[in-house]
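Okay, everyone, thanks for coming. Today I want to talk through charged pairs, so let me put the structure up.

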Amino acid sequence: MLRKFKVILEWDEEGEGYVVSVPSLPGCFTQAGTIEEALERAKEAIAGHLEALAQEGLPLPSKDVEIAEVQVEMAS
């Protein structure tokens, strides 16, 4: 069964790479130097996280999170 998970990619200036988090799986993180590699590692991290949840008998997330973007006026 295929499931989609939203991931957040953030550029880390100090590590000079991308840090990836999975909002619907607290504690599921990875990192890589390029977006492509970060997304591949995210797939691996998600699979491992889900496997660990299953082994511990913990519930798997039933749905993903919603992510929206808002604009805010900034004082100049």
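Glu-40 is partly exposed, at 43% relative accessible area; that label covers what falls between buried (under 20%) and exposed (over 50%), using a 1.4 Å probe and protein chains only. Its partner Lys-43 is exposed, at 54%. Their side chains meet in a salt bridge, 3.3 Å from N to O, and by that I mean a side-chain nitrogen of Lys or Arg within 4 Å of a carboxyl oxygen of Asp or Glu. The two sit three residues apart in helix α1, so about one helical turn separates them. Helices here are DSSP runs of H or I, at least four residues, and strands are runs of E, at least two, numbered from the N terminus.

Before I go on: this is a predicted model, where local features need pLDDT of at least 70 and side-chain atom pairs count only at pLDDT 80 or more, while totals for chains, interfaces and linings use all residues. Residues are numbered from 1 along each chain as its sequence is written, and side-chain values use heavy atoms, with hydrogens and water left out.

So how many salt bridges turn up in the whole structure? Three. Helix α1 also holds Glu-37 and Arg-41, four residues apart, and their closest N and O atoms are 2.8 Å apart. Glu-37 is partly exposed at 34%, and Arg-41 is partly exposed at 34% too.

Then there's Lys-6 with Asp-64, at 3.7 Å. Lys-6 comes before β1 (8-12) and Asp-64 after α1 (35-55), so this pair ties together parts 58 residues apart in sequence. Lys-6 is partly exposed at 31%, whereas Asp-64 counts as buried at 19%.
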